[in-house]
Amino acid sequence: MFYTTTSVRRIATTALAAALVTAPAYAGGPIQVSSKVMVEKKVAAKDGTTSVTLAPTKKVVPGDKVVFVLDYRNTGAQPISNLVLDNPVPQQLAYRSPAQGSPTPEVSVDGKTYGELATLRVRTAAGGQRPASPDDVTNVRWRLASPVTAGAHGQFAFQAVLK
Amino acid sequence: MTTDPTTTTIFNREYKAMFANKIRLLLLSGTAVLATTGTAHAAETVAGTVISNTAQVTYTVNGTPQSTNSTTSTFVVDRKVNFTVVVDQAANTKVNLGQVGAVTSFKLTNTTNGAQDFLLDSAQAVPIGILPGVPDFTMSNLKVFVDSNGNGVYDPGTDTATFIDELAPDASIEVFIVGDVPTTGSPNLALVALHAVAASGGATGTKGTALIPTDLNLGNADNTVDIVFADNDSDGLLYLGDIARNGQGIAYSGYEIGVRNVALTVTKTARVISDDVNLLVNPKALPGATVEYCLTVNNATLLTSASNVVLTDVVPANTTFVPGTLTIGLPGVLGVTCTLAALGTTTGYTGAYDTTSKTVTATIPTVLGGTSVAASFRVTIN
């Protein structure tokens, strides 16, 4: 983390695109995105209600729901524009929905065309087409319309079921 | 549990990842075949699979496009232990007293997301009411064998494995309980239970140890393959032979004494063969005449043999047994000849005459179901 932060500062202050190209630590750009995989855990509160919190994935078996979380943070000094996070859904998982509190992603069933799930179609074995279901989703993508200012951060997350 | 539509998409997506889009149609049609052949949950992700997730990130800084990747998060798919064990025969096995090696059949299906062993044992303490009838005898020499050659039938000497080795996900195998029926008494029903325990796999030919579910409160459970029991209560809530999520299964079957007795009848006829006056032509029962007695044993129960049939007949008063005339064999033509056998006995049959008790004894080892055997002997009238 220390190394990453310094390299980010250097790049940010010098603002040299060349430095980015030559630096092998490409991930050390001004935007830091960390991926986490969590499971939902229901916690009973004293007032009798249950709240859902995220816990580390100790136990995941087929049929279980997991939550993939992407945390982004602008560690540079410049605002970042046109931020796009494209998360291919791991093959062994079936996409379900955006996680609680996360913006709805655009989804894709082929990794090329993105949109709302309801607008996507999948070719069938018979040669026709059918509306895409969450099981068909191969990629989820979030696009930020507004720039991420220096130091700003946020989170996207989606739920998927282990096949 | 994954359903068919899900399977379609799993294959669909895997193929899409591997091949170009233009051959997708062809592969989709192949997938449809796979889905209908019952491989539906073969697609459950195998335990131990490491699943990684990385997002691709693009952005611009001062109008310059940049790209990077997120960190990669991973988790390991844990072992969801699940299987079924069911009786694989329509009714109790019909047995006879003294039957050796009587078989009941069971089927075990591994629905775990990974190959594993199963330990097997049998029991005769079966919960009351789980099967019709009240058991009144126990089998002896009870053993459990696996259908090693996979033909669905117990083959003595071939199916000798006593545990299930490396059963693949979604694969099934037959298991047999083999035992001996008591030789005496008048019992009706014995019940048996097949008990299976999920055991660790991984080594072909090696009997694994029973699996123990991982205590998820322990630390460092994230990147190891945890064991999670997901098996059902195989004998229902009413019975405590098995409970849900214990990594064990149980199924029950029975042995029923089918045929205990046969409809055995004996018919006795007498025919004068000759007398001293008329000789062989229309002989009368005069003193000195020879009389043939004919005993016919009939087993009217089809398909069931009567064993060790012993006929005894006391020679009537005022008659004398003619030595060497005892004949045992298949019945002859009615009214003409008692047996088809020549004087003497057909192989296997034995006969004797006791001069003291004046008793004729004929021993017939087997009277097959639906057949008759005849015995004849001659006396002279004093």
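Reader: What share of the contacts in chain A between residues at least 6 apart in sequence join residues at least 24 apart?
Author: The share is 70%. A contact here requires C-beta atoms within 7 Å. The model is predicted.

Reader: Which elements does chain A hold, from the N terminus on?
Author: The order is α-α-β-β-β-β-β-β-β-β-β-β-β. That gives chain A 2 helices and 11 strands. Of its 163 residues, 33% are buried.

Reader: How do you know where chain A should not be read in detail, and what is its mean pLDDT?
Author: The mean pLDDT of chain A is 82, and 83% of its residues reach 70 or more. Residues 1-27 of chain A are below 50. Where pLDDT is low, predicted coordinates should not be read in detail. The stretch 1-27 of chain A still has 27 contacts in the model beyond near neighbours in sequence.

Reader: How many helices and strands are there in chain B?
Author: Chain B has 2 helices and 23 strands. Buried residues are 34% of its 382. Among its contacts with a separation of 6 or more, 69% come from residues 24 or more positions apart.

Reader: What makes β6 and β10 of chain B edge strands?
Author: Start with the order. The open sheet of 4 strands runs β6-β8-β12-β10 in chain B, with antiparallel pairing. β6 (83-87) and β10 of chain B each have a single partner strand, so each has one side without a neighbour in the sheet. From one strand to the next, the twist averages 20 degrees.

Reader: How do you know that β6(B) pairs with strand β8 of chain B?
Author: Pairing needs at least two bridges. β6(B) and β8 (residues 102-110) of chain B have 5, and they run antiparallel. The two strands therefore count as paired. Within β8(B), T109(B) stands opposite T84(B).

Reader: Why is N141(B) called buried or exposed?
Author: The limit for exposed is 12 or fewer other C-beta atoms within 10 Å. N141(B) has 9, so it is exposed. N141(B) lies in strand β10 (residues 140-146) of chain B.

Reader: What is the phi of N141(B)?
Author: It is near 60 degrees, a positive value, and N141(B) is not a glycine. Most residues other than glycine have a negative phi.

Reader: Which other sheet does chain B hold, and what is its pairing?
Author: An open sheet of 5 strands, ordered β7-β15-β13-β9-β11 in chain B, has mixed pairing. Its edge strands are β7 (93-95) and β11 of chain B, each paired on one side only. Here the twist averages 25 degrees from one strand to the next.

Reader: What makes β9 and β11(B) a pair?
Author: The count of bridges does. Two are enough. Strand β9 (residues 116-123) of chain B and β11(B) have 3, in the antiparallel sense. L119(B) has F163(B) in β11(B) as its bridge partner.

Reader: Why is D170(B) not simply called buried or exposed?
Author: Buried takes 20 or more neighbours, and exposed 12 or fewer. D170(B) has 17 C-beta neighbours inside 10 Å, so it counts as partly exposed.

Reader: Where is D170(B) found?
Author: D170(B) sits in the loop between β11 (163-167) and β12 (172-180) of chain B. Its phi is positive, about 70 degrees, although D170(B) is not a glycine.

How values were computed: Residues are numbered from 1 along each chain as its sequence is written. Chains are lettered from A and ligands numbered from 1 in the order in which they are written. This is a predicted model: local features need pLDDT of at least 70, side-chain atom pairs count only at pLDDT 80 or more; totals for chains, interfaces and linings use all residues. Axes are lines fitted to C-alpha atoms, for helices over the stretch in contact, and angles run from 0 to 180 degrees between N-to-C directions. Two residues are in contact if their C-beta atoms, placed from the backbone, lie within 7 Å. pLDDT is the predictor's confidence in each residue, from 0 to 100.
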